[in-house]
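Hello,

Here is the structure I promised to pass on to you. Have a look at it first, and then read on for what I found in it.

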Amino acid sequence: MRKLLKDYPQNEWTEAADGCEFCGAKHMVLIDWVDDSGNFGRVAWKIEHEEGCPERSFTAEEGDDIVGWEFMEKPHVLLGKEYYPLSSRANIGPCLECERLVVGIPLILFIDEGRGGELDFCWSCAKELGILNMVTGGREGG
Ligand SMILES: [Zn+2]
Ligand SMILES: [Zn+2]
């Protein structure tokens with residue numbers, strides 16, 4: 001995929017790729033500004049933890065941040081699939097598999113020590129695709 005920020009819905013809440021690892025609540029994101037380049041802007045985010053979630057009182061439940069990214073010219077093949085690595089990314093960027101935004105920290109694979117860009121994935125895609133297993137050398141069970 002080479003989807004840019006301007007290709008995402010704006011001024012409406014949509015589900016992010018990630019959420020709370022304890023209660024499973026998803027981050028929600030709303031892109032409220034995109035600049036003229038079409039790949040940089042601002043996103044508001046929020047999360048509603050389930051009752052009794054331990055994260056609830058320790059972390060912010062809403063905020064806003066800068067969002068945006070650029071792609072490398074050439075795709076990179078990972079586990080038989082082609083991905084365009086990101087050449088740069090603001091605080092918030094996309095998961096290259098499910099294309100949704102990742103509010104928290106994504107799994108990042110640096111290509112050629114970063115000279116070839118980076119591949120970012122949300123943790124559930126990383127797990128599903130076997131990338132998590134690949135980077136942890138199979139230590140992570142299940
Ligand atoms: Zn939670
Ligand atoms: Zn994903």
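A good place to begin is a single facing pair: Gly19 stands opposite Lys26 in E2. That pair belongs to strands E1 and E2, which run antiparallel to each other and are joined over three bridges. The hairpin they make has six residues between the strands, and in it Gly24 takes a positive phi near 85 degrees. Please keep in mind throughout that this is a predicted model.

E2 also has a partner in E3: the two pair in the antiparallel sense, here over seven bridges. In this pairing Val34 stands opposite Gly41 in E3. E2 and E3 form a hairpin too, with five residues between them, and Gly38 in its turn has a positive phi of about 85 degrees.

Now for the protein as a whole. There are two helices and 11 strands. Reading from the N terminus, the order is β-β-β-β-β-β-β-β-β-β-β-α-α. The C-alpha trace spans about 45 × 40 × 20 Å along its principal axes. The radius of gyration is 15 Å, which agrees with the value near 14 Å that a compact globule of 142 residues would have. Of those 142 residues, 27% count as buried. If you look at contacts with a separation of 6 or more, residues 24 or more positions apart account for 52% of them.

Where is the largest nonpolar core, in terms of the elements that give two or more residues to it? First, the core itself: it has 21 residues, and Leu101 and Val102 are those with the most contacts inside it. The elements giving two or more residues to this core are strands E1 (14–19), E2 (26–34), E3 (40–47), E9 (101–102) and E11 (118–121), together with helix H1 (123–129). E2 provides the largest share, three residues.

Leu101 deserves a closer look. This residue lies in strand E9. Leu101 is buried because 26 other C-beta atoms lie within 10 Å, and the cut-off for a buried residue is 20 or more. Setting aside neighbours within four places in sequence, Leu101 is in contact with Ala16, Ala17, Val29, Val43, Val67, Ile92 and Pro94. You can also try the distance from Leu101 to His27: they are 74 residues apart along the chain, and their C-alpha atoms are separated by 9.3 Å.

Next, the other end of the chain of strands. Strand E10 (residues 107–110) pairs with E11 in the antiparallel sense over four bridges. Within this pairing, Ile108 stands opposite Asp120 in E11. Which way do Glu118, Leu119, Asp120 and Phe121 point from E11? Glu118 and Asp120 point one way, Leu119 and Phe121 the other way, and all are buried. As background, side chains in a regular strand alternate between the two faces of the sheet.

Phe121 leads on to helix H2 (residues 131–135), where Ile131 is found. The C-alpha atoms of Ile131 and Phe121 are separated by 9.0 Å, with the two residues 10 apart along the chain. Not counting residues up to four places away in sequence, Ile131 touches Leu79, Leu107, Phe121 and Ala126. Is Ile131 buried, exposed or partly exposed? Ile131 counts as partly exposed, because it has 19 C-beta neighbours inside 10 Å, while a buried residue needs 20 or more.

Finally, here are two residues whose backbone may catch your eye. Leu79, one of the contacts of Ile131, has a phi near 50 degrees, which is a positive value in a residue other than glycine. Leu79 is found in the loop between strand E5 (76–78) and strand E6 (81–83). With 9 C-beta neighbours inside 10 Å, Leu79 counts as exposed.

The other is Glu113, in the loop between E10 and E11. Its phi is near 55 degrees, again a positive value in a residue other than glycine. Glu113 is exposed, with 6 other C-beta atoms within 10 Å.

Enjoy exploring, and write back with any questions.

Best wishes

Note on methods
Residues are numbered from 1 along each chain as its sequence is written. Chains are lettered from A and ligands numbered from 1 in the order in which they are written. This is a predicted model: local features need pLDDT of at least 70, side-chain atom pairs count only at pLDDT 80 or more; totals for chains, interfaces and linings use all residues. The radius of gyration is taken over C-alpha atoms; the globule rule is 2.2 Å times the number of residues to the power 0.38. A residue is buried if 20 or more other C-beta atoms lie within 10 Å of its own, exposed if 12 or fewer, and partly exposed in between; C-beta atoms are placed from the backbone. Two residues are in contact if their C-beta atoms, placed from the backbone, lie within 7 Å. A nonpolar core is a set of buried Ala, Val, Leu, Ile, Met, Phe, Trp, Tyr and Cys residues joined through C-beta atoms within 7 Å. Two strands pair if DSSP finds at least two bridges between them.
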